[in-house]
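Student: Could you walk me through the fold of this one? I'd like to start with how the strands are put together.

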Amino acid sequence: MQKKLGIALLVLTVVGLSVSKGFLSAWAASKPTLVVFTANWCASCREVVPITRDIASQNNLSITEIDVDSATAPKQAEGLGLSMPHDEPPQVFLVNKGRASLIYNGKAYKFGYQDAARSMILQNLQGSL
């Protein structure tokens with residue numbers, strides 16, 4: 001009985017640790033993450049954000065989308081080692097091993113040219129991993 005209770009307590013402790021902020025932060029920091037600064041009003045974002053989601057999925061990357069109009073955006077960015085970008089969205093950064101690299105600046109986006117945006121993001125991603 002005591003052995004079963006001890007195992008149950010160990011499992012609960014591990015589960016508790018796995019959902020703690022520190023554990024999740026350490027796990028997220030160990031996996032390369034695409035950080036996409038976006039906004040609801042941004043037409044370019046509506047075309048670029050799905051591309052970044054697809055690229056993250058295909059390349060086993062985490063993805064974090066930050067709405068630049070949100071009151072919590074600066075704190076979210078700071079938590080990832082970034083500051084708010086000065087240019088309008090979309091802005092895509094790769095955070096990898098504590099280093100952040102801008103891999104796509106939305107100023108370069110031309111409507112309807114999703115393939116060109118995908119190609120640029122992939123090219124810059126390969127140079128940053």
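Tutor: Sure. One definition to begin with: two strands count as paired if DSSP finds at least two bridges between them. Also keep in mind that this is a predicted model.

Student: In what order do the four strands of the open sheet lie?
Tutor: The pairing in this sheet is mixed. Strands E2 (62–67) and E4 (99–105) stand at the edges with a single partner strand each, so one side of each has no neighbour in the sheet. Neighbouring strands are turned by 25° against each other on average, ignoring direction. Read across the open sheet, the order is E2-E1-E3-E4.

Student: Which residue is the bridge partner of Leu94 in E4?
Tutor: Look at E3, residues 91–96, which pairs with E4 in the antiparallel sense over six bridges. Within E4, the bridge partner of Leu94 is Ser101.

Student: Helix H5 packs on the sheet, so what angle does its direction make with that of E4?
Tutor: H5 covers residues 114–128 and touches E1, E3 and E4. Its direction makes an angle with that of E4 of about 160°.

Student: And helix H3, what angle does its direction make with that of E1?
Tutor: H3 is residues 43–58, and this helix packs on the sheet too, touching E1 (33–38), E2, E3 and E4. The angle between the directions of H3 and E1 is about 170°.

Student: Is Thr38 buried or exposed?
Tutor: Thr38 is found in strand E1. Leaving out residues up to four places away in sequence, its contacts include Cys45, Val49 and Ile66. Buried means under 20% relative accessible area. Thr38 has 13%, so this residue is buried.

Technical notes
Residues are numbered from 1 along each chain as its sequence is written. This is a predicted model: local features need pLDDT of at least 70, side-chain atom pairs count only at pLDDT 80 or more; totals for chains, interfaces and linings use all residues. Side-chain values use heavy atoms; hydrogens and water are left out. Helices (H or I, at least four residues) and strands (E, at least two) are DSSP runs, numbered from the N terminus. Axes are lines fitted to C-alpha atoms, for helices over the stretch in contact, and angles run from 0 to 180 degrees between N-to-C directions. Contact means heavy atoms within 4.5 Å. Buried means under 20% relative accessible area, exposed over 50%, partly exposed in between (1.4 Å probe, protein chains only).
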